[in-house]
Structure formats: C-alpha cells, structure tokens
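Have the sequence and the 3D view open while you read this. We'll start with some rings, then look at a few charges and two loop residues.

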Amino acid sequence: MKKSLVFAANWKMNQAPADATAFMRTFVGQYTRQQDRRVLFFPSAVSLHVVVGAIKERGDLEAGVQNIHWEDKGAFTGETSGTLARSAGARHALIGHSERRHVFGETDEETGKKVVAAIRAGLTPTICVGETLAQREAAETLAVVRRQLRAAVSGVEAASVASAIVAYEPVWAIGTGKNATPADASAVHVALRAELREIAGERGGAVPILYGGSVNRSNVDALLAAAEVGGVLVGGASLDAEQWLAIVRT
Ligand code: PGA
C-alpha cells in the first residue's frame, strides 16, 4: 500500500500578510489535490488569516499555529491560546518545536500542558521531538526523544495521542543544511513508532511521524522512502512557493 503523507510548512518568523498572500496565490493556483497527501501550513499568527482564507475551499490544505499557551485565555500578554487560534481558523498547532525548547527555554512539562490545551481547543498537535548534537554524540538520541514524547502526551488519553502528529527534528539538522541520513532518521522513527504503539496500542500505528531538519527538494524523496517516515516538516525550503510546490509534488 502506498504511504499516506503529510507535508508541513513551518514558516517560523517570516511571511508577512502580503508575502503570505502572494505565496498562497501561487501555491493554491498550481497545486492540485493528491489523494495520498495532506499539506499543512504553519504561518506566523499575524498571517494565519491569509492562509485560512486562501485554503477555504480545499480540504487537502490545512492551517495551524507555531505555538500556543497552555491556558485558554487571560492576562498572558503576548501569548496566543489554542482556543483563540482555533477561532481564527487554525486546525493544528506545533508543540515543543526545538526553537521553543532551546531559544525560549520551554520545558517538557510545559510541552505536556500545551498538548492538553491543543486537544481541549480542538487542534491537532504536531509534537516535535529531537536531540542536540551533544546528545547524539553521547548516544542519547533514543532516550531523549522517548522522554520528550512521553512527557508531551502524559496528560492526554490514548485516543488523543492516536489523532496527533509527531515530528522528529534533530536539533543539529535544523536550519544547518545538514540533514539526517534516511537511515539515521528511520532508526529514530522506528523507535518512536514502537513507543506510540506502547502508549496508544494499535492506533499508535497510524500516527504520522514526520522528519524535519534541512529538508529540501533534493533530499525529500530519499527521506520519504525510509521506513516509518510519514512526511516532512520543512522550514527554510517552505518559504518559496516554487520550492514548496516541488517538495509537495515529490
Ligand atoms: P529547516 O527547519 O527545514 O529550515 O531546517 C525545520 C523546522 O525547524 O521545522
């Protein structure tokens, strides 16, 4: 059976509303629906409305936010909650992206609270895990990603885990031009799959596990062919509509 794939664009702190408008005009005009894949966009919160408007008529294209707070509302200046994002048209949320963890000091515990909040708000969490270079060199990769995954789902039912998405993003591969080899990525994906089955039983077998970290049009095919790689989470190469089209059409 052909794999069902998820292609997720993480625009990070890029693409103002005008840029997002131009990007989506090109993308939506040129991309025709393919049964075996879903395409997710994670714009900056200020451009979410542009993406949501551009994909209204398209069930194969979905939008999300890059981060949420764990509370639904209140005096949290500068934060966006899952319920606010959902009411603005988001259906997904990245949770625990490595930049949240390493630049902003987000802990495993906070990541867990954000997964609970995402599910409460009706958002599908894309739970991001990944080791640093030092952890890889110390042969701690599998222990780190298992710990991060367990902590992220510690507050939710197995059924919610079964409807989540997981992304493996080695920190040393993000934005560096150094991607994990398909074999290295696959070894981690296989371990995450086993963990998901332990957590959610049979249903854990269907959770998409995406690879992220310097994915581009040249390496995407080989990564997607690797065992248990069910899609890609792409930063830099998702910022240009033509490049992103080439990746999602792979
Ligand atoms: P990159 O980012 O593709 O630019 O390495 C991936 C990510 O951080 O999601």
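## Rings, charges and two loop residues

W11, F23, F27, Y31 and F41 form one aromatic cluster. Keep in mind that you're looking at a predicted model. Across the whole structure there are 7 aromatic pairs.

Take W11 and F41 to begin with. Their rings meet edge-to-face, with the centres 5.9 Å apart and 65 degrees between the planes. This pair ties together distant parts of the chain: W11 is in the loop between β1 (5-10) and α1 (17-30), while F41 belongs to strand β2 (residues 37-42), and 30 residues separate them. Both of these residues are buried.

Now for F23 and F27, whose rings are stacked: 6.4 Å centre to centre, with the planes at 20 degrees. Unlike the pair before, these two both sit in helix α1, 4 residues apart, or about one turn of the helix. Are they buried or exposed? F23 has a relative accessible area of 4%, so it is buried. F27 is buried too, because its value is 0%.

Some rings also have a charge sitting over them. Here are two cases:

| Charged residue | Ring | Distance from charged end to ring centre |
|---|---|---|
| R100 | F104 | 4.2 Å |
| K113 | W70 | 4.2 Å |

Next, have a look at E169, found in the loop between β6 (165-168) and α9 (182-200). What is the nearest side chain of opposite charge to E169? That would be K12, 6.4 Å away, and E169 is buried yet has no salt bridge. A salt bridge would need the side-chain nitrogen of a Lys or Arg within 4 Å of a carboxyl oxygen, so K12 doesn't make the cut. Leaving out residues up to four places away in sequence, E169 touches H97, V129, G130, I174, G212, G213 and L233.

Finally, there's S214, in the loop between β7 (209-212) and α10 (220-225). Why does S214 count as buried? Its relative accessibility is 18%, and the cut-off for buried is under 20%, so S214 falls on the buried side. A polar atom of the S214 side chain lies 2.8 Å from the backbone nitrogen of G177. G177 also turns up among the contacts of S214, along with A173, G175, T176, K178, N179 and N219, once neighbours within four places in sequence are set aside.

Methods
Residues are numbered from 1 along each chain as its sequence is written. This is a predicted model: local features need pLDDT of at least 70, side-chain atom pairs count only at pLDDT 80 or more; totals for chains, interfaces and linings use all residues. Side-chain values use heavy atoms; hydrogens and water are left out. Buried means under 20% relative accessible area, exposed over 50%, partly exposed in between (1.4 Å probe, protein chains only). Lys and Arg count as positive and Asp and Glu as negative; His and the chain ends are not counted. Contact means heavy atoms within 4.5 Å. A polar contact is a pair of N or O atoms within 3.5 Å; within protein, one must be able to donate a hydrogen and the other to accept it, and residues adjacent in sequence count only if both atoms are side-chain atoms. Rings of Phe, Tyr and Trp (its six-membered ring) pair if their centres lie within 6.5 Å; planes under 30 degrees apart count as stacked, over 60 as edge-to-face and the rest as tilted. A charge sits over a ring if NZ of Lys or CZ of Arg is within 6 Å of the ring centre and within 35 degrees of the ring normal.
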